[in-house]
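Could you walk me through how the labels on this model are decided? I'd like to see each value set beside its cut-off.

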Amino acid sequence: MAYKTEKNLRIRNVCLFFIAFLPTTKIFLLPSVLVRSAGSDMWISAAVNLLLDAVTLLCAVALWKRYEGKDYFEILTLNLGKTGARIVYGLYAIYFFLKAYTLVNEQKLYVERTLYENTTTVFTFLPFFLFSAYIASKKIFVLGRLADILFLFTAVGLVMLYALAFSNTDFGAILPVGVNGAGKILQGTFASLNWYGDAVYLYFLLGTIPPEKKAVAKLLPSYLIAGLFPVLCMLMFYGIFSSVAVRQEFAMTEIAKYSVAINNIGRFDYIAILALLFSGSVAMCLPIYFATECFVRITGIRKKIYVSAAVSAAMLLLVLVLRERYASAMNFFIGWGSVFFVVMGNVVPLCTLFLRRKEKNEQESGG
C-alpha cells in the first residue's frame, strides 16, 4: 500500500504523542484509587500496568511490520472477514467510550472543585464536548501535529510540579517494598486498568506510519518514559502524605502545595497545572476520537463530523445521567468493568500475534 505523505504520522510524532498525552490522564484521580487498593505499593501496581502496556505495544509493532501499509481494520478483515472486523471494532468502540467516561469525569470534577470558587452548573464543562466533537472529526495526522506542540506543555508542567514536590517527599515511606503483599498490588493493577491500555491506540494508527529503521528502539523508550512520569507521581504522592494519602482525592494539586517556594511566593504551581490541563483536554479527547474512528469504519458514514458529534453528545448524556451516581459508576469501572478493560486492552492485542501472515497474492493486491 502506498502511503500518502501529507497524511502520515512519523515515528517521531508517535513518540511525542505518547509523551504529550499519556501521563496527563494518570495524575488526577488515579493515585487516590491506587492508594486505596495497594497502599504504599501503589507505585508497583502502576509499574505492572506499564509493563503490560509495553507488551501490547510490542504486539502492535509486530503486527505493523507483518502487514506493512495496512490499517487494523484491513488486517482484521483479512483474518476474520468484514463481519468479524466490524465486531472487533464495535467492541473497541465500547471500550474507548467507557474509557473516555472516566477521564472526562475526573477532569470535570477536578476543574469544578478546585478551580472555581462558586458552585458550578452542568453547563460549566459543556465547551469540552464541543471541543471533543471538533477534534474527533479531524484527520489522524492532526493528532501528530498537536503532539508536536503539547509535549512541551506536558514535560514542563510535570517537571515543574515534581521539582516543587521533591524536597517534601520522604521516599522512605514506601519501605519496605511489597509490604502489602502481591494480592494488594495485583488488586491495584486490576482497579487501574481503565487508566491504562493506551498502547492500544497504536493499533488504530497502523496504516498511517511509514516504516522506519529502529522503530522499536524509538517507540518503546518513549512509551516507557511517558509511563514512568505517573509512577514517579505515585512515589511522591505517598512519600508526601503517607498514611493520610487515602484522604487526598486529586494528587496533581496536592503534591506541590506544601513546597517552601509555594508558601513564600504563592501558588505559581498553577502555571504547571494549567499547562497539564491544556494537554489533558486533548488527551481526554483521544478515546472519543478513536471511538469515532471505530464507528466510522463500522457504519461507513463519510461525514465524520456527524459521527463525532453523536459520540460526544452520547458522552455528555451519559455524564448527565450518571451525575448523581458517579460513585457507583466508578466502583463498577474499578471492579467488574476492569475485566472488559483487560480483555480489550491486553488480551485481544496479545492474540493478534497469532494472526496469519499475508499470502503472496494478498501482498501483491495490497501493494
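Here are some questions and answers on this model.

This is a predicted model, in which local features need pLDDT of at least 70, side-chain atom pairs count only at pLDDT 80 or more, and totals for chains, interfaces and linings use all residues. Residues are numbered from 1 along each chain as its sequence is written, and side-chain values use heavy atoms, leaving out hydrogens and water.

Q: Why is Ser32 called buried?
A: Happy to explain! Buried means under 20% relative accessible area, exposed over 50%, and partly exposed in between, with a 1.4 Å probe and protein chains only. Ser32 has a relative accessible area of 1%, so it counts as buried.

Q: Which residues is Ser32 in contact with, beyond its neighbours within four places in sequence?
A: Contact means heavy atoms within 4.5 Å. By that rule, Ser32 is in contact with Phe237, Gln248 and Glu249. The side chain of Ser32 also reaches the backbone oxygen of Glu249 at 3.2 Å.

Q: Why does Cys294 form no bond with Cys285?
A: A disulfide is a pair of cysteine sulfur atoms within 2.5 Å. The closest cysteine sulfur to that of Cys294 is in Cys285, 16 Å away, which is too far for a bond. The structure holds 0 disulfides.

Q: What makes Cys233 and Cys294 buried?
A: Cys233 has 1% relative accessibility, so it counts as buried. Cys294 is buried too, because its relative accessible area is 0%.

Terms used
Polar contact = N/O pair within 3.5 Å; in protein donor to acceptor, adjacent residues only side chain to side chain.
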